[in-house]
Number of protein chains: 2
Amino acid sequence: MKIGFIGTGVMGKSMAHHLQKAGHSLFLYTRTKGKAQELLDNGAVWCPTPAAAARQADVVFTIVGEPQDVEEVYLGAEGILTESSKGQIVVDMTTSQPSLARKIFEKALEKGVDALDAPVSGGDTGAKNGTLAIMVGGNKEAFEKVLPLFQTFGSNIVYQGEAGAGQHTKMSNQIAIATNMIGVCEALLYARKAGLDVDSVLKSISTGAAGSWSLSNLAPRMVKGDFAPGFYVKHFIKDMKIAIEESERMGLELPGLSLAKKMYEELALQGEGESGTQALFKYWN
Amino acid sequence: MKIGFIGTGVMGKSMAHHLQKAGHSLFLYTRTKGKAQELLDNGAVWCPTPAAAARQADVVFTIVGEPQDVEEVYLGAEGILTESSKGQIVVDMTTSQPSLARKIFEKALEKGVDALDAPVSGGDTGAKNGTLAIMVGGNKEAFEKVLPLFQTFGSNIVYQGEAGAGQHTKMSNQIAIATNMIGVCEALLYARKAGLDVDSVLKSISTGAAGSWSLSNLAPRMVKGDFAPGFYVKHFIKDMKIAIEESERMGLELPGLSLAKKMYEELALQGEGESGTQALFKYWN
């Protein structure tokens with residue numbers, strides 16, 4: 001299949017690689033060409049604009065940075081939808097605004113193009129190993145057509161409903177993570193301050209009712225002082241901002257999420273924006 | 001072995017039963033004799049006071065309600081330590097104050113008695129199935145002597161250090177749970193308000209970075225409107241109060257824990273003290 005692929009950052013690169021390995025032809029655009037070199041060496045075609053990458057493709061995937069990048073890549077002067085043609089499917093995997101996903105869906109529909117919002121979870125290792133969770137919104141028929149492509153890089157692929165539902169699901173995911181991160185840090189801090197052996201404490205509490213992915217995977221890094229990014233603080237703040245905007249729009253007050261966002265913003269002001277989210281442990285320094 | 005057992009509530013009853021099944025002789029005291037009937041029918045000896053239950057025992061277990069109950073049972077006029085004799089080991093499994101655990105340890109030591117603090121996690125099902133997590137503070141030699149008894153009702157049994165360390169570990173456990181409960185509720189609320197199919201959302205988010213014991217086990221109950229107690233709101237508030245007192249004593253500010261305590265206290269004021277902790281979902285009603 002001819003596939004347009006836009007955005008070959010840490011996540012996109014691995015995903016594109018899986019599609020390439022499965023025998024698909026890639027038409028690439030990314031802001032920094034150097035980041036796509038390996039894919040180009042393996043036969044992908046370089047395109048100078050998003051529109052050019054979309055022109056010949058049956059399906060176009062995008063995974064870029066901020067919502068404004070998504071908007072530019074789809075709706076800008078050289079955006080995908082300027083060159084899209086009837087029957088094409090476009091899939092945005094950036095974590096972005098549900099409202100923007102709906103807007104793109106509608107604009108695409110005017111051209112007979114189906115748009116899916118399909119943000120992912122599972123980080124760089126999930127992308128590399130092809131085990132991402134993919135949360136998909138849009139028309140179900142389009143989802144089913146793209147499913148075999150999703151399966152090349154994802155393992156927990158769930159159709160969540162109409163346009164925007166993928167992004168909303170990702171927001172729900174980030175909300176659950178956000179508040180739990182505070183709890184993980186506070187449990188560790190308490191244990192350390194009480195003079196306990198933190199590794200023994202984790203052995204007691206990780207597998208029971210206090211257990212969580214973050215406690216098992218990030219708490220040991222906090223203890224070791226390893227704050228290298230699996231997932232950047234600055235990106236997490238972007239996600240929490242979207243989640244809070246959407247919550248406010250729905251008249252929902254989420255005190256845990258608000259607290260987490262406030263704490264992470266203070267952390268970023270302390271210069272930790274480029275650290276991994278486990279750096280929240282430094283908030284108390 | 002001759003074992004004193006004090007407190008045959010939901011948890012204590014199952015634990016005492018495991019000890020009985022393993023062939024040990026039980027000397028029982030509990031506030032409401034009727035709750036011990038099954039154990040008495042199986043050959044346990046009824047004792048009219050904690051002191052009487054302790055008199056003949058090699059090891060005494062206690063699992064009662066509040067810290068003041070622990071204090072009464074150990075240090076009261078008819079308390080265990082009035083009748084304890086050299087070489088005995090006493091084990092408090094109530095979730096209680098680390099400072100009280102140290103006080104009991106010292107008072108016991110004056111009599112040549114070893115005291116362990118050994119709170120548990122895993123709820124009524126863990127007690128029934130003999131799979132409790134047990135977090136133990138006190139002298140290591142005493143821990144090793146009691147270990148075979150712990151093994152009759154526990155599976156993740158970890159020695160955490162000197163007297164009070166078991167209670168501190170349990171506090172760390174409750175702190176991790178407290179804040180995560182807010183996140184679980186908020187993620188679900190967001191999903192529901194956004195019009196998503198909440199079961200599909202849980203399918204997407206439960207196994208990844210947002211995953212937790214509470215998300216897997218309590219979120220489905222919230223969705224179903226099942227607020228029956230696995231663990232009571234009122235007991236959770238007691239635990240959080242202890243954790244906050246201890247944190248303040250150590251000069252540690254835990255904003256997530258403070259928020260959780262405030263929310264649970266409001267929930268109790270709404271009449272949910274006897275509900276399970278997943279009733280936090282009703283906070284937003």
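Axes, as the word is used here for helices, are lines fitted to C-alpha atoms over the stretch in contact, and the angle between two of them is taken between their N-to-C directions. In this predicted model, the axes of helix H4 (residues 67–75) of chain A and helix H5 (residues 98–109) of chain A come within 11 Å and cross at roughly 5°. Because angles under 35 degrees count as roughly parallel, H4(A) is described as roughly parallel to H5(A).

The residues that bring these two helices into contact can be named on each side: H4(A) contributes Pro67(A), Val70(A), Glu71(A), Tyr74(A) and Leu75(A), which meet Leu100(A), Lys103(A), Ile104(A) and Lys107(A) in H5(A). Sorted by character, the residues of this contact between H4(A) and H5(A) comprise six nonpolar and three charged, with no polar ones.

Turning to the annotated regions of the chain, UniProt, in an unreviewed entry, places the feature "domain: 6-phosphogluconate dehydrogenase NADP-binding" at residues 2–161 of chain A, a span that is 39% helix and 25% strand and whose end C-alpha atoms lie 26 Å apart. The unreviewed entry also lists "domain: 3-hydroxyisobutyrate dehydrogenase-like NAD-binding" at residues 164–283 of chain A; over these residues the chain is 69% helix and 0% strand, with the end C-alpha atoms 33 Å apart.

Beyond the single chain, the contact between chain B and chain A takes 56 residues from chain B and 56 residues from chain A. The area buried between the two chains is about 4500 Å², of which carbon and sulfur atoms give 64%, while the rule for salt bridges finds zero across the interface of chain B and chain A.

Methods: Residues are numbered from 1 along each chain as its sequence is written. Chains are lettered from A and ligands numbered from 1 in the order in which they are written. This is a predicted model: local features need pLDDT of at least 70, side-chain atom pairs count only at pLDDT 80 or more; totals for chains, interfaces and linings use all residues. Side-chain values use heavy atoms; hydrogens and water are left out. Axes are lines fitted to C-alpha atoms, for helices over the stretch in contact, and angles run from 0 to 180 degrees between N-to-C directions. Helices (H or I, at least four residues) and strands (E, at least two) are DSSP runs, numbered from the N terminus. Angles under 35 degrees count as roughly parallel, over 145 as roughly antiparallel, 65 to 115 as roughly perpendicular and the rest as oblique. Contact means heavy atoms within 4.5 Å. Ala, Val, Leu, Ile, Met, Phe, Trp, Tyr, Cys and Pro count as nonpolar, Asp, Glu, Lys and Arg as charged, and the others, Gly among them, as polar. UniProt positions are given in the numbering used here, feature names are shortened, and annotations may be inferred rather than shown by experiment. Buried area is the accessible area (1.4 Å probe) that two parts lose on being put together, summed over both. A salt bridge is a side-chain nitrogen of Lys or Arg within 4 Å of a carboxyl oxygen of Asp or Glu.
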